Amino acid sequence: MARRLFHRGFALSVVTLIVLRLILISHDEVLASPYDGAAYIGQAAGWYWKNPYNHWTYSRQPGYPLFLALSSMLGIPARLTIEALWIGTSLLLCRALRAAGVGMPGRLLLLAALLFHPIPTQLFCHVNSENLYTCSFIVLVVSLAMGMTHRNRRGMFRCGLLAGFSGAIAGISRQETVLVYVLIVLSGVLIVKAWVLQRVPRRLVFRRLALAFALPLAMAIVAEQAVRARNQARIGMHAMYDWSLPGLASLYQAMLSVPPESPRLRVPMPLDVRERVASASPLYASLLELMNTHPRCEPYRRVGETTTGVPGEPGSYNLWLMREAAWLLHDDRFADAREANDFYAAVASEIRAAQDRGALPRRWAPLSFVPPEWGQLPLEVTRSIGACWTSLTRIGFSRVEPGEVAEDDLLRFDAVALRRSALLRPDPAPGVYWHRPRVVQRLDRVKLAIAGALPIATAACLVIAALGGVAARFARAPVSHSWYALSALLWAAFVLRLLLVATLDATGVLASTRYMMPSAVVLVPLTVLGLHALRQLALKRRAQPSSPVAML
């Protein structure tokens, strides 16, 4: 009877937390934004592949635009759709922690920390692919961890199917597809390791490899190839999206292969390189003139100079500038992606030919988008971890739309995201108590107070998670195999994501908070797992040798 009441109390607590979360965000709505936000909305308006080919329609991967289009088709506001997905992701994490041996108090702590985390609260008010990517990325990690420790075939299949589905969504929503494959392969390695070190039965190992490793890997690969095939049929190139055209990558790589007078990792393709290349390549000279003078290129120059801190040096935004200039040079009309790819490849060929005849110097640049300043890379990545930490711990809450949006784009925002106009008006309708400015301001103050505690809370979480890992690994805290599997995959996701964003920041792409959102979310279950391990260690040391150790 007491156990039944305890379970009912847990269910009531979960419902209460969800209701409180919905109350907290009850005045939030998607804010209209130019550039990326407007591009996602425009792509979703035409269900991605129904759009004509231009410089915005295929500039991002299709996962998030299709998610917005599906939400619109179902008649659900985009802000509520991502919120439902976030609550579901949080509940799945609670389920995974239960399998890892964490008790009800720990799971309630996890749910509260996730539902009231200030980073998703703010970023879900914007149209960002990171919103969908974070949810699917977390589901991938959790389902892989549960699948690789399941002993039941049906359970393994469900986890493998969920891992494959979430991995496919993550892979077609963001450019970091490689992290999806790395985590799936890591789960396979951990399954084999359990076979070798823990003498797990061979039949069980093969079943886990088939259902919890091969199945999600195959689903992720099939999803990626399906998108490539659809793009081949629609825009003429077997590519994930417009930015992954091989000609554009070849052009950027050719530019990086010209050594600058003063190499700086954060300032790829500095002015002296651009001028020397323009003197040897007529096609690039025509691009450079537009890059330097056209009003449509000015926002990229301005943001790029802010990123590098060097006047006249847009840094990594040179890639945006070259692409924008290419479209301007062709009067915003490429017949398809193949024609655009051929143009980029032609510019790259001119640069390579100039290097072959000695008109331009050459250096080894094996990676398309990474400046080959190898000596600077370790130090700059280490420094960028500080920038990543700042993005991980600093966020506020604002209802101010981040930029001026064209009238047509604003109408599309309302139509696709199904924005609730009552929440966007500065003055509510008379007589409506809950939407009075005073109520809105009080809830916003709660959000700002939570955000203000984020730096200290994040530091504490990292320390607890690390101590818990040490307790389990070296002090032999009595935790389950599921605890080890989930902890290993979560730590791998946290470290790999941190290193990826730090490398991007070191090479000129700022480590913004939206890039760090997956790491911020992963840190929460790692903290609860760490608390569980520390508690288990304390119970072990306090217990008599003959006394059983109670699990949390």
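Which helix is Leu20 found in? Leu20 is found in helix α1, which covers residues 2-24. Helices here are DSSP runs (H or I, at least four residues), numbered from the N terminus.

## What you're looking at

This is a predicted model, so local features need pLDDT of at least 70 and side-chain atom pairs count only at pLDDT 80 or more, while totals for chains, interfaces and linings use all residues. Residues are numbered from 1 along each chain as its sequence is written, and side-chain values use heavy atoms, with hydrogens and water left out.

## Patches on the surface

Back to Leu20: at 42% relative accessibility it's partly exposed. (Buried means under 20% relative accessible area, exposed means over 50%, and partly exposed is in between, using a 1.4 Å probe and protein chains only.) Leu20 joins Val15, Val19, Ile23, Tyr433 and Trp434 in a nonpolar surface patch, with about 540 Å² of accessible area together.

There's also a positive patch, made of Lys193, Arg473, Arg476, Lys540 and Arg541. Lys540 sits in helix α23 (residues 513-542) and is partly exposed at 38%. Patches take residues with over 30% relative accessible area and no salt bridge, joining like charges within 9 Å and nonpolar side chains (Val, Leu, Ile, Met, Phe, Trp, Tyr) within 5 Å. Lys and Arg count as positive and Asp and Glu as negative, with His and the chain ends not counted; a charge is placed at NZ of Lys, CZ of Arg, CG of Asp or CD of Glu.

## Salt bridges

Side chains of opposite charge can pair when their charged atoms come close. A salt bridge needs a side-chain nitrogen of Lys or Arg within 4 Å of a carboxyl oxygen of Asp or Glu, and the count comes to 27.

Take Arg514. Its salt bridge with Asp36 has the closest N and O atoms 3.7 Å apart. That pair links distant parts of the chain, with Arg514 in helix α23 and Asp36 in helix α2 (residues 36-45), 478 residues apart. Arg514 also meets Glu130 in a salt bridge (3.1 Å, N to O). Glu130 lies in helix α7 (residues 129-147), so this pair ties together parts 384 residues apart in sequence. Asp36 is buried at 18%, and Glu130 is buried at 0%.

## Cysteines

How many disulfides are there? The count comes to zero, where a disulfide is a pair of cysteine sulfur atoms within 2.5 Å. For Cys388, the closest cysteine sulfur, in Cys461, is 18 Å away, so that's too far for a bond. Cys388 is buried at 0% relative accessibility, and Cys297 is buried with a relative accessible area of 0%.

Definitions and conventions: Areas by Shrake-Rupley, 256 points an atom, 1.4 Å probe, with all protein chains shown as cover. Helix = DSSP H or I, 4+ residues; strand = E, 2+ residues; numbered from the N terminus.
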